Amino acid sequence: VYVQQEPESSLARQVLQADLPCRRALFTWENLDKPTDPLTVAGYTLVVCGNDAAQARMDRAGAKRTIVLPQVGVDTAHFQSRPGVERTIPVAYIGRPAPEKGIPQLLAAWPAAKILDWVDYRELPWRYSQVQVVVCFSQDLPRIWKEQAMPYVACEAMASGCAVIVSDAGSIPFWHRTFPGSDDPSPALVASQGSVGILSQAIQALVDKPDLRQALADTGRPWVEQHLASPVIARRLTNAFDH
């Protein structure tokens with residue numbers, strides 16, 4: 001049984017109480033230092049952690065075994081540049097208008113940026129295919145929120161042929177370098193979450209330099225395919241279950 005809810009959830013406790021003839025695994029994204037029930041954590045054979053901070057938290061709580069993997073991979077067969085669609089939008093944000101997504105900072109850095117509403121999953125590749133540069137300028141909110149991984153929007157956009165800019169919020173720097181010790185960082189540009197000026201400079205560089213923008217776009221999809229594609233994550237997860 002693989003529970004994709006936080007250790008504090010009632011489901012995580014109920015699965016331990018149920019008389020099930022199987023091993024139990026738990027997933028957690030939580031990278032804020034919050035209290036957790038060590039009995040619940042220790043009751044799971046495996047805890048899958050969405051980032052390094054979550055892993056450190058689960059290790060402190062007494063987890064038997066932990067690994068670091070994203071919750072799901074990216075469907076690169078679905079997310080790819082669509083032929084016949086022109087990239088007529090220079091700079092855009094795609095996603096929900098939540099405070100932690102840094103939309104005011106993006107508009108301060110680049111007033112002409114388009115804030116595009118979320119669309120149905122099936123339509124997203126066509127939306128990404130209209131954009132040259134996708135910006136995911138996430139912001140940490142003290143004691144409330146830290147970005148838990150490289151935003152899926154950023155990964156989907158890279159797989160779809162966009163150049164991408166992310167911030168250094170939360171666990172983005174961890175996923176930017178893929179795994180500890182990796183020498184293959186993502187081709188996304190990283191701008192400090194506290195600096196609208198640095199973000200403006202990064203956008204300006206990609207707008208002014210089509211060759212640089214295209215180089216990032218060309219390397220983004222192979223990086224996602226190698227590190228975060230659904231088959232890659234599925235293999236790593238099933239291997240962890242087997243041990």
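**View 1. Cys 22 and its distance from other cysteines.** In this predicted model, the sulfur of Cys 22 sits 19 Å from the closest cysteine sulfur, which belongs to Cys 49. A disulfide needs two cysteine sulfur atoms within 2.5 Å, so Cys 22 is too far away for a bond. Cys 22 is partly exposed, with a relative accessible area of 33%.

**View 2. Cys 162, another cysteine without a partner.** Here the closest cysteine sulfur is in Cys 136, and it lies 9.7 Å from the sulfur of Cys 162. That's too far for a bond as well. Cys 162 counts as buried, at 0% relative accessibility. With the 2.5 Å cut-off, the count comes to 0 disulfides.

**View 3. The largest nonpolar core and one of its hubs, Val 134.** This core has 41 residues, and Tyr 128, Val 134, Val 164 and Val 166 are the ones with the most contacts inside it. Helix H6 (residues 152-159) gives the most to the core, with 6 residues. Leaving aside residues up to four places away in sequence, Val 134 touches Ala 92, Tyr 128, Val 153, Ala 157, Cys 162, Ala 163, Val 164 and Ile 165.

**View 4. A second, separate core.** This one has 18 residues, including Leu 106, Ala 109, Leu 199 and Leu 216.

**View 5. Helices H9 and H10 side by side.** H9 (residues 210-227) and H10 (residues 230-242) pack at about 20 degrees, with their axes 6 Å apart. Angles under 35 degrees count as roughly parallel, so that's what we call H9 and H10. Glu 225, Gln 226 and His 227 in H9 meet Val 232, Ile 233 and Arg 236 in H10. Sorted by class, this contact has 2 nonpolar, 2 polar and 2 charged residues.

Key
Residues numbered from 1 in each chain as written. Predicted model: local features only at pLDDT ≥ 70, side-chain atom pairs only at ≥ 80, totals over all residues. Heavy atoms only, no water. Axes fitted to C-alpha atoms, helices over the stretch in contact; angles between N-to-C directions. Helix = DSSP H or I, 4+ residues; strand = E, 2+ residues; numbered from the N terminus. Parallel < 35°, antiparallel > 145°, perpendicular 65-115°, else oblique. Contact = heavy atoms within 4.5 Å. Nonpolar A, V, L, I, M, F, W, Y, C, P; charged D, E, K, R; others polar. Buried < 20%, exposed > 50% of the residue type's maximum accessible area, 1.4 Å probe, protein only. Core = buried A, V, L, I, M, F, W, Y, C linked by side-chain atoms within 4.5 Å.
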